[in-house]
Amino acid sequence: MTEAIYTFNGKDITMNVCLQIRAVVNIIQEQLNLSFEDAMLEFYRSETYKTLQQAENALRAEFITDMFFAEREGREF
């Protein structure tokens, strides 16, 4: 059994978070017309991703994407 990377209320939510990250990167890719790799790098370098790494909650892809674009545009979220 692998070690949980993300947990919520003591439950392993790693797969859910990975799926959410993939959904966010797909949205970034589409909206910014980037390759998957470039969209992934853009997201991984963001403060939004750093915040997600520290958060102990499951956020929906749309919410994460809104946070990312607000950050990118210099807006508070």
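## Overall make-up

A residue counts as buried when its relative accessible area is under 20%. By that standard, 30% of the 77 residues of the protein are buried. The model described here is a predicted one.

The protein has four helices and two strands. Read from the N terminus, the order of these elements is β-β-α-α-α-α. Among the contacts with a separation of 6 or more, 42% join residues 24 or more positions apart. The accessible surface comes to about 5,500 Å², and carbon and sulfur atoms account for 49% of that surface.

## The nonpolar core

The largest nonpolar core contains 15 residues. Those with the most contacts inside this core are Tyr-6, Ile-21, Val-25, Ile-28, Phe-43, Tyr-49 and Leu-52. Four elements give two or more residues each: α1 (14–32), α2, α3 (47–54) and α4 (61–72). Of these, α1 gives the most, with five residues.

## Helix α2 and Phe-43

Helix α2 spans residues 36–44, and its residues Ala-39, Met-40 and Phe-43 are buried. These three lie on the same side of α2, because they cover an arc of only 100 degrees around the axis.

Phe-43 belongs to helix α2. The relative accessibility of Phe-43 is 0%, so this residue counts as buried. What does Phe-43 contact, leaving aside its neighbours within four places in sequence? The residues in contact with Phe-43 are Ile-21, Val-24, Val-25, Ile-28, Thr-48, Tyr-49, Leu-52, Ile-64 and Phe-68. One of these partners, Val-24, is 19 residues from Phe-43 in sequence, while the C-alpha atoms of the two are 8.4 Å apart in space.

## Aromatic rings

A pair of aromatic rings is described by two values, the distance of the centres and the angle of the planes. The structure holds five such pairs. In one of them, Tyr-44 and Tyr-49 have their ring centres 4.6 Å apart and their planes at 50 degrees, a tilted arrangement. Tyr-44 has a relative accessibility of 37% and therefore counts as partly exposed, whereas Tyr-49, at 15%, is buried.

Phe-68 and Phe-69 form another aromatic pair, with 5.2 Å from centre to centre. How are the rings of Phe-68 and Phe-69 placed, edge-to-face or tilted? The angle between their planes is 80 degrees, and the pair is edge-to-face; the cut-off for that class is over 60 degrees. Phe-68 is buried at 2% relative accessibility, and Phe-69 is buried at 11%. Phe-43, Tyr-44, Tyr-49, Phe-68 and Phe-69 together form one aromatic cluster.

## Thr-48 in helix α3

Thr-48 is located in helix α3. The relative accessible area of Thr-48 is 4%, so this residue is buried. Not counting residues up to four places away in sequence, Thr-48 touches Phe-43, Ile-64, Met-67, Phe-68 and Glu-71.

Two of these partners also take part in polar contacts with the side chain of Thr-48. That side chain reaches the backbone oxygen of Met-67 at 3.4 Å. With Glu-71, the polar contact is between the two side chains, at 2.6 Å.

Methods:
Residues are numbered from 1 along each chain as its sequence is written. This is a predicted model: local features need pLDDT of at least 70, side-chain atom pairs count only at pLDDT 80 or more; totals for chains, interfaces and linings use all residues. Side-chain values use heavy atoms; hydrogens and water are left out. Buried means under 20% relative accessible area, exposed over 50%, partly exposed in between (1.4 Å probe, protein chains only). The arc is that of the directions from the helix axis to the C-beta atoms. A nonpolar core is a set of buried Ala, Val, Leu, Ile, Met, Phe, Trp, Tyr and Cys residues joined through side-chain atoms within 4.5 Å. Contact means heavy atoms within 4.5 Å. Rings of Phe, Tyr and Trp (its six-membered ring) pair if their centres lie within 6.5 Å; planes under 30 degrees apart count as stacked, over 60 as edge-to-face and the rest as tilted. Accessible areas come from the Shrake-Rupley method with a 1.4 Å probe; for residues, only the protein chains shown count as cover. A polar contact is a pair of N or O atoms within 3.5 Å; within protein, one must be able to donate a hydrogen and the other to accept it, and residues adjacent in sequence count only if both atoms are side-chain atoms.
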